[in-house]
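Reader: I'd like a close look at one part of this protein. Please start with a pair of helices, then move on to the strands.

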Amino acid sequence: MRSHANVVVVGGGVVGCSVLYHLVKFGQQDCVLLERQELTSGSSWHAAGGLFTVTAPSPVAEVHKYTFDCYRELERESGQSCGFHDTGGLGLCRTREEAEMYTRMGAAVRRQGIESHMISLDEVRRRAPIIDTSPLYAALWEDKGGHVDPASATQAFAAAARKLGAVIHRHTPVIETNALPDGRWEVVTPSGTIIAEVLVNAAGLWGREVAALAGIRLPLVPVEHHYLVTETVPEIAALDFELPQINDGETNCYARQEGQGLLLGAYETPCRHWAEAGTPMEFGHELLPDDISRMDWHFEQSAEIMPCLASAGVKRIINGPMIFSPDLGPLLGPYPKLRNYYCANGVMTGFNQGGGIGRLMAEWIIEGEPSFDISCWDVARFGDWATPEYTRATTGYFYEHRSDRVYPEQDHVAGRPLRKPPVYDRLKAANAVFGASFGLEYPAWYAPAGTEPRDLPGYARPNWFNPVNEECRRVRETAGLFEYSAMGKFTVEGPDAAAWLDTLLANRLPQRDGRMMLSPMLNKAGRIRGDVSVSRLSEDRFVLLGSDVMQLAFERIFDTHQPDLDVNVTNQSANWSGLHLAGPAAHGLLAQLAEADVSTQRLPFMSAGRFTIAGVRDVLVLRVSFTGETGYELYCANEHQPVLFERIMQAGGAHGIALAGTRSLMRLRLEKSFPAWGLDLSPDYTAYEAGLGNFVDCDKPAFIGRDACIDLCEQQGRESLVTFEINADKADAWGDEPVWLAGESVGYITSGGYGACTKKSLAMGYVRADCVDPDASYTVEILGQQRPAILQTRPVFDPDGSRMRA
Ligand SMILES: Cc1cc2nc3c(=O)[nH]c(=O)nc-3n(C[C@H](O)[C@H](O)[C@H](O)COP(=O)(O)OP(=O)(O)OC[C@H]3O[C@@H](n4cnc5c(N)ncnc54)[C@H](O)[C@@H]3O)c2cc1C
């Protein structure tokens, strides 16, 4: 065995083999894969191999499509069959809501070039004659659906990788991974030690154990999963074509043709976890004892739709373990705080996603970043807060609700509440309905007194529509108080703090103490990888605020940015709590509570300072606005938040203050056309495309992305972020709805909602730059309906911004 490699991949399942293949395909030399036993010795050998492409969100659909498309090429390159069956797929809908979901998703994935459409029940019977359509409402047809033979597909990735020069050592378990001071990894096996520049953990069912060798804990746990294969079914044997892949989301079942029989799989309830304390090292090409009674309900439901099942003999029952993460998404990318350690873990549908994951991982390792935004799968989205108990609760929930419909702004309850802001009980008493971000509860909205505080989600306007409108109205007319702890908060201190920030951020730094600026944080290509505010408290002391879910991803950037400079960056997110006071009465209220002058002369728009507020000392006050109203963000040590909160609410009574939640905030900012991180802003867009060009200062001598920006600022981008007013009727845009112009799809919505104060249904989205025309007649496709939309050249509320500056 060689003693050095550029990249060592641990694990020879479909994911590891795909990562290896893509690394060498993209030109990475000297790549080695180490496999404990035979290739496929985890979940990969016994998978059902089913493939579908109509899924959400959009980057995940891109991964599915890439994976689906790569099998043919893989067969050519490897000379080995993947057992690829390109049958197309059926998404069955037993209810109107399911049909609405598929209509939405089908429209969204057109962007990826995935063709799908709703078909009649006659058409369902034609494409799958074994289906009795009487329990069905509708069905979706997807062109890119089918299945592969899992072992063959994995071997094909491995064979193609070998042909391109990669080396695979089977029967070579990794027993130690030791970080070396120079950033390399010592990878120890019984057959020898390899020094690796980069290490990839693709150990599937053993992802936790391999992570532990590097001293880290991944929030993963395996679950049991059943499918069965029938004997020959005469109705299937009589067909002269192959049945499509069939997904029946409302019963959590999937089916496909296997030989002349049927394969039926189910996400059974209750979920049964496996090997919670750790996957046994000796577990190999094995299955778990089957318990087919766990599939009884699913079988009955499926037999109702596929009556031939009822009389079919069962040839084979598979009960195998698969590994889940707390939100079902894989854990990908460089692990924060470790150098050159990449995760490709928690992949629960590896044959749908393995190809795309291999591509993303190879890009990340070779280029430093994946080619499209995959933050939703970044390993950095979970911190230590994702405890084993939380992981157990969420994986159990998502297993049982694997195919549930996803609704606008829906929050799941599993594993919560986990982290609470100090005023949590007080907000709960005020009838808050909570969401959670980075494990931290935040009030999404407040249910009216006497009503049950819970979401009743829907694609049309849900039960929170009116209460949120009322919150918005109160913020615009008097003042609203938002609990605002869910922010990523960092102090940046030291003699080189300014120099360090200046090269990190695209905008110029605030020149004077007590001022603040907004700035994108860019990558080398000028794409946005963060959207932050930076406040200068003194010459060598700054506060940087950004998205809370990005805080570990930010730390990953900070750790490698100019490490030679004398600067100390501290993540204060868990130490500081926040409140956000906004509205025309906000200034008067703050002035009443502050023990110093907070007038516009002392604390103008976009300024910062430390004040004693309502007797609470050392509150960091930022005068900034995301609502379009006079606004103050107030940050204090956690223990002071309850006192600050109560005193503001007490004094605010006379001003007509109301509690308001995040859903109001998101709608108020839509009326101002303020883009939001993760929705309208992401690494898929340049600062110029996102309309943040004014926040990029190319006159600065150096910052990450400057070279690209010098070119980009001269060019028209591919797309532009715009705001639409939509004639929406009862269902507002939410995200991923196509924008049409003259019969052509020219863009996509990134966020939307109802502007309570302007009484307009609004949405932001990217439109092809050559199609931006305020006089054009656009439509936005909402739930299959073309809704007329008018492009707005200015914010629909207070376009001059005089209210927030007042
Ligand atoms: C019953 C069932 C049905 C499924 N059906 C589908 C489906 O229809 N479609 C779909 O897309 N997915 C399906 N899946 C999921 C799919 O099987 C997994 O997502 C996929 O196999 C995960 O691949 P992996 O490479 O991440 O992990 P694994 O397949 O678990 O591979 C990990 C590899 O790492 C090796 N390894 C571990 N530790 C070490 C070490 N220390 N040193 C060296 N090597 C090590 C292991 O031996 C193993 O070979 C199904 C799963 C099950 C259980």
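Are α1 and α2 roughly parallel or roughly perpendicular to each other?

Author: The model is a predicted one, so local features need pLDDT of at least 70, side-chain atom pairs need 80 or more, and totals for chains, interfaces and linings use all residues. Numbering starts from 1 along each chain as its sequence is written, and side-chain values use heavy atoms, without hydrogens or water.

Start with the helices (DSSP runs of H or I, at least four residues, numbered from the N terminus). Helix α1 covers residues 14-25 and helix α2 covers residues 58-78. They pack at an angle of about 70°. Their axes are 13 Å apart. An axis is a line fitted to C-alpha atoms, for helices over the stretch in contact; angles run from 0 to 180 degrees between N-to-C directions. So α1 and α2 are roughly perpendicular to each other. The cut-offs: under 35 degrees is roughly parallel, over 145 roughly antiparallel, 65 to 115 roughly perpendicular, the rest oblique.

Which residues of α1 and α2 make the contact? On the α1 side, find Tyr21, His22 and Lys25. On the α2 side, find Tyr66, Glu73, Leu74 and Glu77. Contact means heavy atoms within 4.5 Å.

Now the strands (DSSP runs of E, at least two residues). Eight strands form an open sheet. Read across the sheet in this order: β5-β6-β4-β13-β14-β15-β12-β16. The pairing is mixed. Two strands pair if DSSP finds at least two bridges between them. Where does the sheet end? Its edge strands are β5 (116-119) and β16 (314-324). Each of these pairs on one side only. From one strand to the next, the twist averages 20°.

Zoom in on one pair in this sheet. Strand β4 spans residues 89-93, and strand β6 spans residues 138-142. The two run antiparallel, joined by five bridges. Take Cys93 as a landmark: its bridge partner in β6 is Ala138.

Two helices pack on this sheet. One is helix α3, residues 96-109. Helix α3 touches β4, β5, β6 and β13 (245-248). The direction of α3 makes about 140° with that of β4. The other is helix α8, residues 296-305. Helix α8 touches β4, β12 (221-230), β13, β14 (253-258) and β15 (261-266). Its direction makes about 135° with that of β15. Both α3 and α8 touch β4 and β13.

Finally, go far along the chain to strand β37, residues 785-792. What does β37 pair with? One partner is strand β32, residues 719-726. Four bridges join β32 to β37, and the two run antiparallel. Look for Phe724: it stands opposite Leu791 in β37.

Another partner of β37 is strand β36, residues 778-782. Here the pairing is antiparallel too, over five bridges. Thr779 stands opposite Pro788 in β37. Now follow the turn. β36 and β37 form a hairpin with two residues between the strands. In this hairpin Leu783 takes a positive phi, near 50°.

To retrace the route, begin at α1 and α2, packed at about 70°. Pass to the open sheet, from edge strand β5 to edge strand β16. Pause at β4 and β6, with their five bridges. Stop at β37, joined to β32 by four bridges and to β36 by five.
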